[in-house]
Amino acid sequence: MKIAKEYSEKFDIKRQTEYAVKGITKVCNKIGPRKPGSPEEHRAQQWFEKDMKNYCEETKIEEFTLHRQGFMGFIPFTVACGVASVFVNWFVSPIWALVLCVLAFIPLVFEFLMYKQFDDFLFPKQTSHNMIATRKPTGEVKKRIVMIGHSDSQFEWTLNYLIGGLQAKLFVEIPAVVGLVVQTAIAVVGIIVGATHGGVVAAGKIEALHPMFIALFVVSCVFIPFELAFLFFQSWTKSVPGASDNLSGCYVGMAAIKALDEAGIRFENTEVVMICSGSEEAGLRGAKAYAKAHEKELKEIPTAVVALDTFRDLETMAVYDRDLSGTLKHHKGVKELVHDACANCGFDVKYESIYIGGSDAAAFTQRGIPATGFAAMDPAPPRYYHTRLDTPENLRPECIEVGIEIMVEALCMFDKNGAEGIGDKD
């Protein structure tokens, strides 16, 4: 049974869906792509703030600094090291080939998989922003629920657009990484057999081990085209419309607050916060900046955070149990809150993991703030993902409607019962 119905029978979710679709279309048509740390990203947040002033007592926009190209800027370096290692192993030394492979992996792992600000200092600095809207309760604030969706849009993933997301993963991205692993293993083999001074050829090992080393060299070379293709993984200048990813997430959260207001619901002791973060596509930079700046207050009272990211593919809607390339486990109570809200609305969703990448929820979980992720996107990924096809025309309003309905339910559930493991249920 829906808890929201105990609060009001007047929730008009279809009206809020129309508000969301209209808002997304307006941002895409009037502002356009919003690369991380851009004036367009900021302008969209100003529009969001203007909207939220109608339903929230406090709104503000906070700025922070970032180096947006740090997140993906390692790609040319990693590719160069990987390709060079093949020839260094053969003609110079497998020890140096191994060094090159390790150097190739370091930024790939720390930046792309772990979202660390590892090489950011090497790239130009920009200013980005977070929009924060707070709907106060009628009485003392005893608990808080935060919704966060990112307002920026990604630089276009060229390969996703040209051949499709799944095809890009299977025929370029995975082979490129596998190739680097293979090249590392071959360098280790070279070290083991003693071809450490001048490479296999100059060490004279070519006579005794000719067939094996020829085979290994050929295998190494097979992966070079895939690694070179990785150079075209994304555009460095062209950003995408980002209608589903992630204006849909921003508007699901904002529409849920609007639904509360128009139904005349003001919680007694639960504060509701909506954050439209900046620069999520540059490595969760906005969420990280907010979580760091507000960590003390977020821990002063029981707080739950739900990251809303892409409501387009209803068939794959999920609550995210693990994040940050599967290395981070989200809070049990918060993920169960959203999962139960889905069930109350008639949706039996799965707990999923983000195996490659991360969501804004990770920035909070890393600091010990209870959080989870909630999204409806095909993890394949679909061809519209991070491409020019992510337009208002490609939206699925019925999925946005479900997202709003579930988040209204989650807000009411949290107000009534809290969430397991994050404070008193009063």
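Start by selecting helix α2 (residues 13–30) together with helix α12 (residues 243–262), whose crossing is right-handed, meaning that the near helix is turned clockwise from the far one by less than a right angle, whereas an anticlockwise turn would be left-handed. The structure on screen is a predicted model, in which local features need pLDDT of at least 70 and side-chain atom pairs count only at pLDDT 80 or more, while totals for chains, interfaces and linings use all residues. Residues are numbered from 1 along each chain as its sequence is written, and side-chain values use heavy atoms, with hydrogens and water left out.

Helices and strands here are DSSP runs numbered from the N terminus, helices being H or I over at least four residues and strands E over at least two. With α2 and α12 still selected, look along their axes, which lie 9 Å apart and make an angle of about 140°; axes are lines fitted to C-alpha atoms, for helices over the stretch in contact, and angles run from 0 to 180 degrees between N-to-C directions. The two helices are therefore oblique to each other, since angles under 35 degrees count as roughly parallel, over 145 as roughly antiparallel, 65 to 115 as roughly perpendicular and the rest as oblique.

Next, move to P241, in the loop between α11 (224–229) and α12. At 18% relative accessibility P241 counts as buried, a term for residues under 20% relative accessible area, with exposed meaning over 50% and partly exposed in between (1.4 Å probe, protein chains only). Leaving out residues up to four places away in sequence, P241 touches several residues, including C28, S153 and T387, where contact means heavy atoms within 4.5 Å. Show H386 as well: P241 and H386 are 145 residues apart in sequence, yet 8.6 Å apart in space, C-alpha to C-alpha.

From P241, step to T387, in the loop between β9 (371–376) and α17 (397–417). T387 counts as buried, at 0% relative accessibility, and, neighbours within four places in sequence aside, its contacts include W157, Y161 and V240.

Finally, select the cysteines. How many disulfides does a search of the whole structure find? The search finds zero, a disulfide being a pair of cysteine sulfur atoms within 2.5 Å. The sulfur of C56 is 10 Å from the closest cysteine sulfur, in C276, too far for a bond, and C56 is buried, with a relative accessible area of 7%. For C345 the closest cysteine sulfur is in C342, at 7.2 Å, also too far for a bond, and C345 is buried at 12%.
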